[in-house]
Amino acid sequence: MELDPDDVFRDEDEDPESEFFQEKEASKEFLVYLIDASPKMFSSTCPSEEEDKQESHFHIAVSCIALSLKSHIINRSNDEIAICFFNTREKKNLQDLNGVYVFNVPERDCIDRPTARLIKEFDLIEESFDKDIGSQTGIVSDSRENSLYSALWVAQALLRKGSSKTADKRMFLFTNEDDPFGNMRISVKEDMTRTTLQRAKDVQDLGISIELLPLSQPDKQFNITLFYKDLIGLNSDELTEFMPSVGQKLEDMKDQLKKRVLAKRIAKRITFVICDGLSIELNGYALLRPAIPGSITWLDSTTNLPVKVERSYICTDTGAIMQDPIQRIQPYKNQNIMFTVEELSQVKKISTGHLRLLGFKPLSCLKDYYNLKPSTFLYPSDKEVIGSTRAFIALHRSMIQLERFAVAFYGGTTPPRLVALVAQDEIESDGGQVEPPGMNMIYLPYANDIRDIDELHSKPGVAAPRASEDQLKKASALMRRLELKDFSVCQFANPALQRHYAILQAIALDENEVSETRDETLPDEEGMNRPAVVKAIENFKQSIYGDDPDEESDSGAKEKSRKRKAGNADDGKYDYIELAKTGKLKDLTVVELKTYLTANNLPLGGKKEVLINRILTHIGK
Amino acid sequence: MARNREGLVLVLDVGPAMHSVLPDVEKACSMLLQKKLIYNKYDEVGIVVFGTEETGNELAREIGGYENVTVLRNIRVVDEVVAEHVKQLPRGTVAGDFLDALIVGMDMLIKMYGNAQKGKKRLCLITNAACPTKDPFEGTKDDQVSTIAMKMAAEGIKMESIVMRSNLSGDAHERVIEENDHLLNLFSSNAIAKTVNVESPLSLLGSLKTRRVAPVTLFRGDLEINPTMKIKVWVYKKVAEERLPTLKMYSDKAPPTDKFAKHEVKIDYDYKVTAESTEVIAPEERIKGFRYGRQVIPISPDQIETLKFKTDKGMKLLGFTEASNILRHYYMKDVNIVVPDPSKEKSVLAVSAIAREMKQTNMVAIVRCVWRNGQGNAVVGVLTPNVSERDDTPDSFYFNVLPFAEDVREFPFPSFNKLPSSWKPDEQQQAVADNLVKMLDLAPSAKEEVLKPDLTPNPVLQRFYEYLELKSKSTDSALPPMDETFKRLIEQDPELISNNKSIMDSFRGSFEVKENPKLKKASKRLLRDKPSGSDDEDNRMITYEPNEKKIDVVGDANPIQDFEAMISRRDKTDWTEKAITQMKNLIMKLVENCTDEGDKALECVLALRKGCVLEQEPKQFNEFLNHLFKVCQERKLSHLLEHFTSKKITLIPKSEAADSDVVDENSGDFTVKQEPMIES
């Protein structure tokens, strides 16, 4: 991750997918976190990660949201969010309803993009909660107060902002009360249930989705059928699917939220041509894309306001300003061959944007070095073409069964590429889906992109050293000792990105200290120093290097360095001081000048004049 | 010849058996020379052809023999003549002896460069190697080849042989072919030589490495198992995308009389406070800012320097894990190769031990790498074994970058098992699919693997260089059509299809698809696309309705016409959306800015309403109208409010658009669409 100020100079061909990144930025999301703050949320606890410690449900909910806010500000800073507690002692909302408290910080609307201050203060919410907001059950049998109803209403009012066509609107409801009206008289209960469900339905009719994140008691599972299945509109089929192990642990909850907060976005709609006369519809999703610190905005250093950047193309001969599109040239055969921008784009257009199946190969044909960029995930859709999913699943199953992948030609990228479609079976764990079922589209290099490095290192007729049986055995022992048992691909946070955002947060909040970020990518020193590990490494080392403590004996000749040294022998050839005095250094070749520089340990970079000046300065001393 | 220049002799078989593929040989060679003209224009090239009627080479003149070998061009700096030459190779009449031709080529290289230029001298043989070679005057052919190969190795000449055999007829040649393959193998084991066997013209084009890139190490240093155990390694790029050359911008502003015009274009960036202002902010008055949520945080270069994440160069092992833990689709970037430092025998051994054991036990290594000091970030990646098949090549690792936690977006997708059964294939359908996956085979055991990436050329590059060549002859030449050879890359192989016709037919029959009838409006083009191969395919992509002037923005001048044109565009699904959004923005602008243009605003609102009824987008309109009403109230824009109250403008009710949630009676009552109060 380079902090590249010259991003603007980027090659026009680069990153054809950046377009849909931008598209993503434009579409935004409005989220309201609704957190039940009833006393029950504080009294119920779950075992925490650290043994012997219990954590309250309220703490779990709040920590999840805090984490989620941080990922919002980093990844999706256009999203607008609001945080709203219900079953509170104090009230704060536009409608002035009892038992609902919309949490906010100065210089921010109730629903707005997250700010550093919001994150900071929300991190400390548990300390101030009792004083400022307070917990109090809002639904009591002898009043007609209904805090859940009010909460939905407040949330809906917040979400009135923005058009539902261009933005996704969602509520996340955190609660551990599966039967909010359970202790009411039957007639009141029915009435309250009916009005609350009606409210929820109105909300959903407005295109707002309600997502439930229930927390279970240690001794009693959250029973979704009592009330909430109707509220979120689950039918009986979906019910069984609905999170089998809801909210047992903090980690599970974090996982759940992380997965659900990100709205699924289709990166590309793809037509998959299986054969002439049979095309199905697929959606492509970018499930893996490098996260970057975001582009640089230039600011006026006195006002800190964004600066308007204007790019202009200027003809160096006349100083005239050129208008887009500008012709391009390629010097070739002593002439300048001209291309218009249109012509160049026609050259690149060699097929439709479709994905065309060409055939199948065994998985062993997919070499480790056939890779160029992150893959795209494909999942079928019956939205436009009915029958797509069926054909896709059939191929998917066959490919897994027969251990084959499909080779296809994809015209949707520049340049169009040969791709491998690798079927991925669904993988599930306790926390939910680990790998979704579908196919991963891997972009294959062309012959022109692959380099023959192995050949460079072979010595004809000379057998390369190969490990002996004993060395292999020691290597095997080493590998067993150093095995990472449950390694998962994305377990490391990006250290530079973490650091970058820590810096931003500190500056945004005017703090003097940047909070330390941990570099998770460093080796586990403790583990590496375990005696058994040290011994295994020592044994392997012994088997390779023998007793020789100095590890390496050079087998081959050091060609490069010897050549350089040979050059140094010549430096007596000229009397540089004399040449410098008479101003004749410029008559020497660059190579000859460099000989002097090398001999005197001076830098070798730069044009001839620079080199001469460097020598003059050196002699002058 | 200076450093980093190459001397190359092309040794081409033009005998009768090669005639059918010579056009492709010409194409491949011409591409090679074209790229040399652009990227390596000081490289030197010679051409030898064999199988010709006549004989014309120095060895034949000096010592006799070496018949039917003709030097088309002596080794000289690459120029346009040779690029032209190679496209008109002579068609030979006799079966040539490739060994003779190789010796002639080698002789040329030695005479030209002597012992200098080690490793920069290259022989490239393209033949079908199906013709018998002559017996040497003394010793066996094996001895002779070994001698030549050793001479090549000693002289530092590299050799690559491309053996093209697509449709060898009869088994009469079998013995000859076997012998020739054996001889070519002898080269491989005694010299820096490799043989590529290709069967299709497409692979032939891909087999010749047309762009010469000097390999540069990305990293030289230690692969650290722990602080006491280090392996010396070098890291190179194994895969790097070859792009089109970077074309310069050209200015035609200079008067034609100006002989010294450079025609260059300079890009200038002006930093201004506002778009209108003419005042330019000096570089030292600017500061970089990064977006953080709603804010843009300014950071000075000093702050960045002192606070940023700091790295130290090195490769550190984190541990080993089962290969199955790293799914293939997690590879993030182009691939590197990690080879042991060739001068350190112990490191070669250590890499060999780990790589072989990894392969044996299906394990991979996880490493953290910083390629150079001060690099902005560390990368975490996976080392997979690359156990060498050749005795003389050391074992190595491939390195692939893995994603960080922030790079992964875990969206849940419905499990296939839980989909409605009508969406799932039945047993018969599954059997048909199994059959297709089995039979549409691109890697049959008996034949070449088809479309192997290592042998598949980039069609866009091919086309660009072809176009460039045409343009160099005539500036207004048209873009050539896609080369026939590349059809194999873009479309299914007709032979494979016809061999499996029944399977294809039954697949088509078993999986019927149809357009979703409920889907209104645009984007129904999906199924209507003609089967491929039709010539207008390219055109169809860009021209939807050729005569229509395409409006893509709702302008201030004729907003209503623009809007109507745009909303009815069908070439993309999102035009309706765009049109509505732009119209709304325009109306808001009209309402907010000018008080006297109320009538124009009204017209626009009515047009929007009409459009939304036509496109069945009542919600869009109704929401907007509510919003507009509020704005008018707030700003007391009475003349517009009048229209509201006089019910000139109304919400779209159910009767006009089924999706609307406004009942007909209430269509004028947008004002009261407030929340019902709780009855308490």
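Okay, before anything else, one definition: a residue is called exposed when its relative accessible area is over 50%, buried when that value is under 20%, and partly exposed in between. Keep that in your head, and let's try it right away. What we have here is a predicted model, so everything I say is about that model.

Take K131(A). Its relative accessible area is 65%, so K131(A) is exposed. Now look at D132(A): this one has 35%, so D132(A) lands in the partly exposed group. The side chains of K131(A) and D132(A) meet in a salt bridge, with N to O at 3.3 Å. Why would they do that? Side chains of opposite charge can pair when their charged atoms come close.

Let's stay with salt bridges for a bit. Over all chains, the structure holds 58 of them. Here's another one in chain A: R170(A) with E211(A), at 3.1 Å from N to O. These two come from distant parts of the chain, 41 residues apart, with R170(A) in strand 6 and E211(A) in strand 7. So, buried or exposed, what is R170(A)? Buried, because its relative accessible area is 9%. E211(A) is at 16%, so E211(A) counts as buried too.

Now for a helix. D205(A) forms a salt bridge with K201(A), and the closest N and O atoms are 3.1 Å apart. Both residues sit in helix 7 of chain A, which covers residues 186-205, and they are four residues apart, about one turn of the helix. Why does that spacing work? An α-helix has 3.6 residues a turn, so residues three or four places apart point the same way. As for accessibility, D205(A) is at 38%, so we call D205(A) partly exposed. K201(A) has 44%, so K201(A) is partly exposed as well.

Chain B has something similar, but with several members: E6(B), K36(B), D43(B), R122(B) and E160(B) are linked in a network of salt bridges.

Okay, let's zoom out to chain A as a whole. How many helices and strands does chain A have? There are 20 helices and 22 strands. Chain A has 621 residues, and 51% of them count as buried. Its accessible surface comes to about 28,900 Å², with 48% of that belonging to carbon and sulfur atoms. And if you take the contacts in chain A with a separation of 6 or more, 67% of them are between residues 24 or more positions apart.

Next up, the place where the two chains meet. Chain A puts 233 residues into the contact, and chain B puts in 229. Together they bury about 22,300 Å², and 61% of that is on carbon and sulfur atoms. There are also 79 residue pairs in polar contact across the interface, counting pairs with both residues at pLDDT 80 or more. How many salt bridges are there between chain A and chain B? Eight. One example is D452(A) with K194(B), where the side chains meet at 2.5 Å, N to O. On the chain A side, helix 12 gives the most to the surface that touches chain B, with 13 residues.

So let's look at helix 12 properly. It runs over residues 388-402, and at 1.5 Å a residue its 15 residues should span 21 Å; the end C-alpha atoms are 21 Å apart, so that agrees. Quite a few of its residues are buried, including F392(A), I393(A), L395(A), H396(A) and M399(A). Right after the helix comes E403(A), with a positive phi near 55 degrees.

One more residue at the boundary: N440(A), in strand 22 of chain A. N440(A) has 4% relative accessibility, so N440(A) counts as buried. The side chain of N440(A) makes a polar contact with the side chain of H329(B), at 2.8 Å. If you leave out residues up to four places away in sequence, N440(A) also touches several residues of chain A, among them S375(A), F377(A), L421(A) and Q424(A).

Last stop, over in chain B. Where is K447(B)? In the loop between helix 10 and helix 11 of chain B. K447(B) has a relative accessible area of 52%, so K447(B) is exposed. From K447(B) to Y250(B) you go 197 residues in sequence and 49 Å in space, C-alpha to C-alpha. And that's my tour, thanks for listening!

Key. Residues numbered from 1 in each chain as written. Chains lettered and ligands numbered in written order. Predicted model: local features only at pLDDT ≥ 70, side-chain atom pairs only at ≥ 80, totals over all residues. Heavy atoms only, no water. Buried < 20%, exposed > 50% of the residue type's maximum accessible area, 1.4 Å probe, protein only. Contact = heavy atoms within 4.5 Å. Areas by Shrake-Rupley, 256 points an atom, 1.4 Å probe, with all protein chains shown as cover. Expected span 1.5 Å × (residues − 1). Polar contact = N/O pair within 3.5 Å; in protein donor to acceptor, adjacent residues only side chain to side chain. Buried area = accessible area lost by both parts, 1.4 Å probe. Salt bridge = Lys/Arg side-chain N within 4 Å of Asp/Glu carboxyl O.
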